[in-house]
Amino acid sequence: TGVTPNQLTTVRLATGVAAAAGFACGGAWADLGGVMFLLSMLFDRADGELARQTGQMSPGGHRYDLCVDCLCDAIAFIGIGIGLARAGLGLPPILLGAAAGIGIGVLFWQLNVTKVIELSRYAMRHRGVVVDPDDALALVPVFVWLGLAWPMLIAAAVITPAGAAWLGVLSRRPKAAVRKKPATAQK
């Protein structure tokens, strides 16, 4: 078709920004924001798959994809916080949305830039099925649609910074010394 993986990543960025804007407007716009968020996640999967299927993988395209993923996920939570604040909840949802967004950014940095843990351990493999914890974000629109954005935002504002702190602690732990087993005497 002539469509490149980077073009799909750019569409992912546009739909992610539209989702965050919908969440920020609240009301029926937040519902549309949820649809846009799921569409954005679909484009996130499609760009990498297209790159692998067509041999168009590149380090620059991979970095672009990762940065767009981080940005879209972070601004979604900020948008949800703004939408909840506009609904009369005041400043706390904006602060929680910012905390979740910053937590996502720090986790992105740890997992993809400083490589605190290997991505092979980040994506859990079981019987040939790869599950990326990022897939749990598909529940974000569901929580919005069910009117559970406020508790979800509180949880995200606690979990993402806590996860980043936990990975930071793990990365600073000294590696256990490998002990050699004593040679057994042969008779």
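At its relative accessibility, does Gln110 count as buried or exposed? The first view of this predicted model gives the answer.

**View 1. Gln110 sits in helix α4 and reaches a backbone oxygen with its side chain.** Gln110 counts as buried, because its relative accessibility is 9% and the cut-off for buried is under 20%. Look at the end of its side chain: a polar atom there lies 2.8 Å from the backbone oxygen of Ala164. So this view pairs a buried residue with a side-chain-to-backbone approach.

**View 2. Gly103 is another residue of helix α4.** At 3% relative accessibility, Gly103 is buried, because that value falls under the 20% limit. Leaving aside residues up to four places away in sequence, Gly103 touches Thr160, Pro161 and Ala164. Try finding Ala157 too: the chain separates Gly103 from Ala157 by 54 residues, yet their C-alpha atoms are 7.4 Å apart. Ala164 may look familiar here, since its backbone oxygen also appeared beside the side chain of Gln110.

**View 3. Helix α4 runs from residue 92 to residue 113.** Its 22 residues span 30 Å from the first C-alpha to the last, close to the 32 Å expected at 1.5 Å a residue. Gly103 and Gln110 belong to the buried set of α4. Other buried residues of this helix include Pro93, Gly97, Ala100, Gly101, Ile104, Leu107 and Phe108. Towards the higher residue numbers, Leu111 and Asn112 are buried as well.

**View 4. Arg12 is a buried arginine in helix α1.** What is the relative accessible area of Arg12? The value is 1%, so Arg12 counts as buried under the 20% limit. Its side chain makes a polar contact with the side chain of Asp69, at 3.2 Å. Asp69 has company around Arg12: not counting residues up to four places away in sequence, Arg12 also touches Ser40, Met41, Phe43, Asp44, Val68, Cys72 and Asp73. Among these neighbours, Ser40, Met41 and Asp44 are themselves buried residues of α2.

**View 5. Helix α1 covers residues 5–25.** With 21 residues, α1 reaches 30 Å from its first C-alpha to its last, close to the 30 Å expected at 1.5 Å a residue. Arg12 is one of its buried residues, as are Pro5, Leu8, Thr9, Thr15 and Gly16. Further along, the buried residues include Ala19, Ala20, Gly22, Phe23 and Ala24. Which helices do the buried residues of α1 pack against? They pack against α2, α3 and α6. Just after the helix, you can spot Gly26, which takes a positive phi of about 75 degrees.

**View 6. Helices α1 and α3 pack with their axes 6 Å apart.** Helix α3 takes in residues 59–89, and its packing angle with α1 is about 10 degrees. That angle is under 35 degrees, so α1 and α3 are roughly parallel to each other. Sorted by class, the contact of α1 with α3 has 14 nonpolar, 7 polar and 5 charged residues.

**View 7. Helix α2 ends near Gln53, an exposed residue.** Residues 28–54 form α2; its 27 residues reach 39 Å from the first C-alpha to the last, close to the 39 Å expected at 1.5 Å a residue. Gln53 has a relative accessible area of 60%, so it counts as exposed, the cut-off being over 50%. Its side chain makes a polar contact with the side chain of Glu49, at 2.8 Å. Elsewhere in α2, buried residues include Ala30, Gly33, Gly34, Phe37, Asp47, Gly48 and Ala51. The buried residues of α2 pack against α1, α3 and α6. After the helix comes Gly55, whose phi is positive, near 70 degrees.

**View 8. Stepping back, the protein chain holds 7 helices and 2 strands.** Following the sequence, you meet the pattern α-α-α-α-α-β-β-α-α. How much of the protein chain is made up of buried residues? Of its 187 residues, 35% are buried; Gln110, which opened this set of views, is one that counts as buried. Contacts also link distant parts of the sequence: among those between residues at least 6 apart, 75% join residues at least 24 apart.

Notes: Residues numbered from 1 in each chain as written. Predicted model: local features only at pLDDT ≥ 70, side-chain atom pairs only at ≥ 80, totals over all residues. Heavy atoms only, no water. Helix = DSSP H or I, 4+ residues; strand = E, 2+ residues; numbered from the N terminus. Buried < 20%, exposed > 50% of the residue type's maximum accessible area, 1.4 Å probe, protein only. Polar contact = N/O pair within 3.5 Å; in protein donor to acceptor, adjacent residues only side chain to side chain. Expected span 1.5 Å × (residues − 1). Contact = heavy atoms within 4.5 Å. Axes fitted to C-alpha atoms, helices over the stretch in contact; angles between N-to-C directions. Parallel < 35°, antiparallel > 145°, perpendicular 65-115°, else oblique. Nonpolar A, V, L, I, M, F, W, Y, C, P; charged D, E, K, R; others polar.
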